Structure formats: C-alpha cells, structure tokens
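Q: Please take a close look at one part of this structure. I would like to know how chain A is divided and what its pieces touch. Then set that against the other chain.

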Amino acid sequence: MKSVLKWFIIIMTIIIFLYAFSSSYYSQNIDHLDYVIALGIDKIPNSDNLSVTFEFANLGSFSENASSEQTEPIINTIIAPTIPNALTIMNAYIGKQLNLSHCKVIAFSEDFAKTGILDEVSFLTHNIQIRPTTNVVITDCNAVDYLKHSTSSLEQVLTKYYDIFPTSSEYTGYTSNIPLGRFYENLLDKNSGAVSILGSLVENADSKNENPSSSNSQNPDVSTPSKSNHTSKSSDSNNTSKKENESTENTITNTVQNTRPDYQSFDPKSAISEGDRGAENMGLAVFKDDKYVGSLSTIETLCYSLLKDEVDNFVLTITSPFDEAEKVDIKVGDLSQLKTDIDISKDAPVINIKFNLTAEVINVLDNQNTPYDKTLEKLNFALKEYLTEEFKSYLYKTSREYNSDINEFYKIAKRKFITNSDFSNYDWANKYEAAEFNVEFNEDIITTLIIRHEGDRV
Amino acid sequence: MERKLGNFEVINSLIMMSIADIVLTSAGILIKEVNSASLLTSCLISILGIFITFIMCKLSKNFIGKDILNISEYLGGKILKTIVGFGFVIYFILILALFLRQTSDAMQLIYYPLTHIIFIIALLSIATGIIANFGNNSIFKATSLIVPFLYTAIFLIFIGNTKNFNIDNMFPIFGNGFNHSFIKGLTNIFTFSGLSYLFFFPSKLKKPEEITKIGLIFSILNCVYLIFCVADILFLFSDTMNHSQLPPLYISVRYIEFGTFFQRMDAAFIFLCVLGLISALNINLYFILEILKNITNLSDSKPLIFPCLLTAFGIALGLKQDSTLDFLENSLSKILFIVFTFVVPLIIFIGAFLKKKFKYNP
C-alpha cells in the first residue's frame with residue numbers, strides 16, 4: 001500500500017510539472033517561433049506613434065530544396081505607441097511568437113533619433129532575447145527603407161551579412177562596430193557622447209530591391225523610400241534606365257566618379273556607391289545625451305576609429321607633394337597604442353595625443369629628380385600635415401560643434417581625480433566644448449616607397 | 001557512520017557557496033556601492049578575508065576535530081549550543097530561500113517565461129530534497145566535479161571579454177570617496193560567504209588538523225574568483241547594467257563571441273551555474289540538517305529534509321517584491337553574515353580558548 005502511494009505521488013508530481021512547464025516549452029518550440037533578424041524603428045510624423053518594422057529570416061532559404069538564388073527577406077511593419085506594444089501586436093498578427101535572439105541590427109531613423117531614443121534603447125538592451133552585440137544603425141532615410149535595401153547578392157544569407165558587415169571597420173576605418181550594449185552605456189553617460197553606424201541609401205536606391213512581395217508594410221507613410229534632408233534622390237535617370245536594361249550580373253559595387261578634390265571628405269549623406277545593394281554603412285551618427293546631433297564623414301570616422309584603436313590598417317589618398325595633379329596612395333598601420341595626456345590645470349582641458357604610425361606608399365612614384373631620402377621626407381611631411389589637419393578638424397567638430405566626447409577622453413581625465421565627486425565638480429560635460437587639442441605623430445611614418453626611374457621604362 | 005571528507009572536497013564546497021553568492025548577488029552589489037573603487041575594495045576585502053580566516057583557523061586549532069557547536073557546548077553547555085545552532089539554522093534557511101528565489105527568478109526570465117515561479121521553486125526544492133536523501137557522499141563528490149569547471153569559466157569569461165574591456169572604468173581610484181569605498185565598502189566582506197560553513201567541517205574531516213590549510217586555500221581561491229569577477233564586470237560596463245534583473249556576470253557572458261562560430265557562451269554558462277547552484281542548495285541543506293540533528297539528538301536527519309525545504313520554499317515564495325528581495329540581499333544578509341561568520345564564532349572561540357586556558361586543573 002505504501003509503495004502504491006509512493007508511486008502515485010511520484011507520477012502525480014511528474015504530471016503536474018509536465019503541465020506547468022509545457023506552456024513555456026510550447027511557446028519556445030522552434031516550430032512556433034518567428035526569428036526577427038533586424039528591427040527598424042521610425043517615428044510617424046505629427047503623431048506619438050512609432051512605426052516598428054520587423055525583418056524576418058526566410059526559413060525557406062535554409063531548406064535542402066532551396067535554390068542558390070537569393071531569397072527576399074520578409075518585412076512587416078506595425079504602428080504602435082511603443083516597441084513592447086508593437087511586439088505584442090506583431091505576435092498577434094503573425095500568429096507565431098516573435099523571437100529576437102537572432103536580431104543582428106536595430107535601425108533607428110535619423111528623424112526619430114533627433115527626438116531622443118533612450119527609452120527605446122533601454123527597453124531593447126534589457127530585453128533578454130536581444131544580445132548586447134547587436135549592431136545599432138541610424139539611417140538618414142526611413143528605417144524601413146534601409147532594411148528593404150539592405151540586401152547583397154554577394155551574400156546569400158542576410159543574417160550572415162548583418163553579422164559581418166561591421167568587420168570592415170578593421171581594415172577600412174570607414175565605419176565602426178557599435179554594439180547595442182556599448183551604445184546604451186554611452187547614452188546613459190552624461191560625460192561621453194554615443195555613436196552608432198550611419199546607414200544610408202545609395203544614389204538610385206529606389207530602383208533596387210523593389211519587391212512587392214516583400215513589402216508587406218501596413219503603413220504607406222513610411223514605406224515610401226525617401227531620404228530626409230537629401231536632395232539628390234534618383235537624380236541620375238540615365239543611369240537608372242541603363243541599369244534596368246542590365247541583368248543582375250552587375251554585382252560588384254563601383255565607386256562613382258566624384259568631382260570633389262578630396263573624395264575622402266565626402267558627406268556620407270551623399271552616397272557615392274552604386275551596385276546591387278541599395279543601402280550602405282559608411283560614417284557614424286553622433287549623439288549628445290540621447291539625441292542625434294550630427295554625423296561623421298568617412299575620414300572623420302577613420303579618425304574616430306584610430307583614436308579608439310579599432311582599425312588595424314587603412315589606405316589614405318593624399319595629394320602628391322611633387323605634383324598637385326597626382327595622388328599618392330599610402331597604406332597606414334598602427335605601430336603601437338596612441339598616447340593621450342590631458343592637462344586639466346587650465347579652465348579648458350588640453351588634450352595631447354601622440355600617434356605612433358607606420359606607412360608604406362603602395363603606388364609606384366614617378367620621380368626622377370629628387371633623391372630617395374628627400375622624397376621620403378617630403379611625403380612624410382605631406383602625410384603628417386594631412387593627418388594633423390583631418391584630426392584637428394574632427395576633434396574640434398566633436399567638441400565645438402557637437403559638444404560630445406565620443407572618444408571618451410573623460411575616462412583618461414578621470415585618472416587625475418581621486419574621487420567621483422572631484423570629477424563631477426570639474427564639470428567635464430560642459431568643459432569639453434572648450435577643449436584644446438594637440439596632435440603629434442612619430443618622426444618617420446612612411447618607411448617604404450618605390451620610385452620608378454626613367455631607365456625602368458622599356 | 002558517515003564518510004569523512006577530504007580536503008579537496010571541503011575546499012570545493014566552501015568555494016561553491018562563495019561562487020553562488022558572488023555570481024547571484026555580491027559582485028553586483030559591490031560594484032553598485034563602491035563604483036570605480038570596486039577593484040581596490042575587492043583587494044582590501046581579500047586581504048582582510050584571508051587575515052580573519054587565518055586568525056579564526058588558528059583559534060579553532062585549540063579544539064581539533066570539534067565543530068563550532070561542540071565548542072559552544074564546551075563553552076556554555078547545551079543551552080548555548082542550542083541557541084547558536086538555531087541561530088545558524090535560521091541564517092542558513094534564509095540563505096537557502098534567497099538562493100532558491102534568485103535562481104528561480106533567473107531561470108524563469110531566461111528559459112521559462114510562461115511558467116509560474118511556484119513550479120520552478122518547487123522543482124528546485126524537490127531536486128534538492130532528492131539529492132539530500134542520497135547523503136553527503138553524492139553532494140560533496142558532485143560539487144568537487146562542478147567547481148573546477150565553474151572556476152575555469154571565470155577565467156574564460158575574463159579572457160573572452162578582454163577585447164571589450166575599458167581599463168579606465170577603475171578611475172577615479174577611490175570611487176565615491178575614501179570612507180564610502182574602504183569603511184562602508186568593507187561590509188562587502190560577505191563575498192566570503194563560504195566561510196560561514198568552514199567551522200562546521202572539522203568534525204567531518206579526514207584530517208581535522210589541516211583546517212588552517214583548508215581555510216587559507218579557500219580564502220585565496222575565493223579572492224582570485226572575486227577579483228576576476230569584479231574586474232570583468234567593472235571593465236566591461238561598470239554599474240550600467242546593475243538595474244537589470246539578471247546577474248551582471250551572466251550579462252557579461254552575453255558579450256563574448258569567439259568569432260562567428262562560438263557565439264552563445266551564455267547557454268553553457270547557465271548550464272554550469274544551474275548545476276553549481278543546485279550543489280550550493282544541497283550543501284546549505286546538508287548543514288541545516290546536520291545542525292538540527294546535533295542539537296535535537298536525532299539519529300537520522302532524513303525526516304527533516306522536506307520540512308526544512310518547505311520552510312525555505314515558503315520564504316522564497318513570499319519574497320514577491322523586489323524591495324523585499326533588495327532588503328534581504330543588501331542589508332539583512334550582510335548583517336547576518338557578519339554576525340554569524342565573524343562575531344559569533346570569534347566570541348565562542350575566544351571564550352572557549354580562555355576557558356581552556358584558565359580552567360582549574362587539580
């Protein structure tokens with residue numbers, strides 16, 4: 001009798017626990033989940049509502065029978081006052097539970113970011129499903145358009161593309177890997193500024209990736225591709241019509257001829273690439289407190305990356321000191337970590353930065369008259385002058401124009417204070433606006449170059 | 001007759017209790033309280049912890065093979081033994097309830113969002129009860145198996161996060177001020193929570209004369225774990241993530257990506273932590289039962305397993321509000337730790353030592 005009672009209790013306990021845990025198991029079953037790979041958040045004009053766009057993984061593309069052709073992502077949009085509310089509505093709309101654990105990108109439109117996004121970023125950071133390594137993108141167009149155009153025929157799996165695109169920062173410095181966790185920390189920190197990846201549509205993005213099946217948007221207001229503050233949208237009609245006639249074999253992005261003397265200082269809002277992709281990620285978006293205040297061009301982003309020690313090597317093109325019509329390509333690398341010293345004895349902080357770089361000229365110079373060491377000296381001088389000018393321009397832009405310490409110099413300044421209250425009394429957040437910068441480079445940056453002499457030509 | 005425990009098993013058990021506390025609460029609390037000075041405070045706490053452990057072990061050497069209950073009986077008879085015993089039972093049941101609640105909350109948040117917390121607490125309680133039925137052999141052997149993995153995990157977490165570190169988070173070096181960091185900060189010595197159990201081990205040891213060695217090894221390992229844990233959180237995000245419902249160490253694991261192949265280290269970490277926390281629950285329950293057995297002269301403590309667990313289950317279930325949980329974690333458990341780990345044992349050891357020294361020998 002005792003044994004029967006014991007087994008009865010055991011079986012009843014198992015049944016109770018099976019019942020209790022089945023709801024969690026059922027809701028988290030892989031068959032009952034829809035995986036979101038990117039989120040886009042826009043503000044509806046003249047309304048308190050948000051337009052939250054969900055980009056889903058097309059699971060059909062992972063099946064054995066899937067063709068090698070790229071499958072279009074599934075994009076749905078919900079209008080709701082908050083992100084949690086949009087998630088709830090989307091759960092009801094699609095009939096499956098959303099799962100954000102594979103979300104790779106969170107895109108906010110520039111217009112929305114200008115109004116402050118701390119509440120939204122805070123919710124997303126504390127969401128158990130979203131990983132702190134998810135990339136944050138601020139788009140100069142509607143976030144929904146950015147997501148629609150973020151496809152590449154060079155990468156069949158979109159999730160993989162989202163995973164690897166920020167790694168180009170390590171060898172170009174034209175963008176930076178900004179994970180959600182770091183972005184949130186910087187948004188909360190009143191002394192520093194935050195940055196995020198800047199996403200843009202390319203010149204003729206309207207003609208790219210137009211796929212009615214993927215446009216399940218429920219909001220016509222935000223689904224129309226439009227670039228805010230952008231005037232040159234689809235201006236090249238000849239190019240567009242030509243592209244329509246071409247097949248999809250044109251997959252490699254071509255750099256468009258730019259008429260400006262120094263194309264590295266281009267404004268990232270004016271896209272300079274064209275190809276099969278309608279969107280690009282170059283430059284950075286700058287925040288003061290939790291509001292978007294402006295953007296950084298690619299060369300400014302390179303300055304940011306170098307100061308953060310995030311770029312391994314990069315290529316610069318400067319005007320030749322021997323002939324203004326010529327350009328010299330220089331591959332620059334980091335020899336050792338930069339040294340930053342901050343003088344806080346004066347009213348405004350004085351930030352002294354010393355770089356230790358190494359470089360080689362990668363194109364063959366046609367120079368017959370100047371000796372090798374003189375050529376090297378002149379090139380070093382030209383490079384240093386160029387870099388000093390760019391760095392100073394970048395640093396003063398972050399302080400004077402944006403008043404946003406995006407390179408977190410305040411953390412170095414904190415070394416000179418004993419307690420947090422001493423540092424608070426110094427009032428770094430306001431004093432950074434008046435900060436002075438001194439940038440220095442090591443004596444010989446360029447160590448290698450090849451000179452073609454007259455006799456070398458056959 | 002229960003099997004006697006080896007030094008390795010005892011050190012691992014003590015470490016397990018400290019790891020459970022550091023991972024769940026104390027590392028986060030330390031960083032929240034002393035901010036950028038937390039690494040310096042951790043070092044100071046470590047030195048103090050090693051020193052106090054050494055002193056206490058030296059004092060207990062006068063009573064080789066006797067646990068704190070035996071010594072209190074020697075000092076004040078059965079009455080003192082019963083009072084001290086019940087005090088420790090209440091303290092350990094509170095710790096058991098806190099561990100149950102914190103582990104269940106984390107499991108619900110991560111894996112079982114639609115399951116009521118009552119079932120998760122019940123599941124952990126039943127699992128603890130079943131293991132306790134198997135006796136000390138299974139508990140201490142399982143702990144010895146898990147702790148090396150958990151210990152290695154903190155080094156891997158630290159190494160994995162190195163690329164995301166910002167060393168400057170440790171400045172200003174004195175954080176919120178000298179008093180706040182070093183006087184008030186010293187109350188965070190409760191990161192040595194394993195120490196509370198050390199003086200119940202001598203009667204169960206194969207070599208009770210090596211209690212000082214065990215104590216010192218435990219203290220040093222505890223310090224290393226604490227410093228790595230605090231450094232990982234401090235260098236990664238300081239106190240930004242302290243408002244999260246999840247332990248900060250778990251959040252730090254979510255930052256780790258070894259290329260694109262190994263990206264979800266948190267799942268492995270949670271698996272290890274759940275195994276470790278069940279071990280910690282069992283060690284705690286084992287000592288509750290041993291104390292009750294000792295003070296009530298019961299021959300078998302097994303009938304007390306489920307009443308004890310039911311009490312802890314009730315308390316864990318009652319900790320519904322975050323404010324109550326915060327009060328227990330931040331204030332009450334700190335005070336109880338200092339009382340039951342330092343004040344009570346020190347008074348008993350010194351009293352018993354003096355009694356032994358000045359005892360009239362005809």
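**Chain A and its two domains**

A: The domain assignment splits chain A into domain 1 (31-301) and domain 2 (312-458). Keep in mind that this is a predicted model.

Start with the boundary between the domains. There, 17 residues of domain 1 of chain A are in contact with 17 residues of domain 2 of chain A. On the domain 1 side, the elements that give two or more residues are helix H7 (169-172), strand E10 (279-288), strand E11 (291-296) and helix H11 (298-307) of chain A. That side divides into 6 nonpolar, 7 polar and 4 charged residues.

Strand E11 of chain A deserves a closer look. A:Tyr292 is found in it. Is A:Tyr292 buried or exposed? It is buried, because 23 other C-beta atoms lie within 10 Å and the cut-off for a buried residue is 20 or more. Leaving aside neighbours within four places in sequence, A:Tyr292 is in contact with A:Glu110, A:Ala113, A:Lys114, A:Ile138, A:Ala285 and A:Phe287. A:Ile75 is another matter. A:Ile75 and A:Tyr292 are 217 residues apart along the chain, and their C-alpha atoms are separated by 26 Å.

Now chain A as a whole. It has 15 helices and 18 strands. Of its 458 residues, 38% count as buried. Take the contacts in chain A between residues at least 6 apart in sequence: 75% of them join residues at least 24 apart.

Next, helix H12 (residues 372-401) of chain A. This helix has 30 residues. From first C-alpha to last, H12(A) reaches 42 Å, close to the 44 Å expected at 1.5 Å a residue. Its buried residues include A:Leu379, A:Leu383, A:Leu387, A:Phe391 and A:Leu395. A:Lys384 and A:Glu390 are buried in H12(A) too. Just after H12(A), A:Asn403 takes a positive phi of about 45°.

Chain A also meets chain B. The contact takes 26 residues from chain A and 28 residues from chain B. On the chain A side, helices H1 (2-27), H8 (180-188), H13 (409-413) and H14 (420-426) are the elements that give two or more residues. H1(A) provides the largest share, 6 residues. By type, the chain A side divides into 10 nonpolar, 9 polar and 7 charged residues.

For contrast, turn to helix H1 (residues 7-34) of chain B. It has 28 residues, but its end C-alpha atoms are only 35 Å apart. A straight helix would reach 40 Å at 1.5 Å a residue. H1(B) has a kink of about 65°, centred on B:Ile22. In H1(B), 25 of the 28 residues are buried, so this helix is largely enclosed by the rest of the structure. Just after H1(B), B:Asn35 takes a positive phi of about 55°.

Last, the nonpolar cores. The largest has 111 residues, and B:Leu96, B:Leu100 and B:Val230 touch the most other members. Not counting residues up to four places away in sequence, B:Val230 touches B:Ala27, B:Leu30, B:Ile31, B:Ser38, B:Leu39 and B:Ser42. A second, separate core of 94 residues includes A:Leu147, A:Tyr162, A:Ala359 and A:Ile446. In soluble globular proteins, nonpolar side chains tend to be buried together.

Key
Residues are numbered from 1 along each chain as its sequence is written. Chains are lettered from A and ligands numbered from 1 in the order in which they are written. This is a predicted model: local features need pLDDT of at least 70, side-chain atom pairs count only at pLDDT 80 or more; totals for chains, interfaces and linings use all residues. Helices (H or I, at least four residues) and strands (E, at least two) are DSSP runs, numbered from the N terminus. The expected span of a helix is 1.5 Å times one less than its number of residues. The bend at a residue is the angle between axes fitted to the seven residues ending there and the seven starting there. A residue is buried if 20 or more other C-beta atoms lie within 10 Å of its own, exposed if 12 or fewer, and partly exposed in between; C-beta atoms are placed from the backbone. Two residues are in contact if their C-beta atoms, placed from the backbone, lie within 7 Å. Ala, Val, Leu, Ile, Met, Phe, Trp, Tyr, Cys and Pro count as nonpolar, Asp, Glu, Lys and Arg as charged, and the others, Gly among them, as polar. A nonpolar core is a set of buried Ala, Val, Leu, Ile, Met, Phe, Trp, Tyr and Cys residues joined through C-beta atoms within 7 Å. Domain bounds come from an automatic or database domain assignment.
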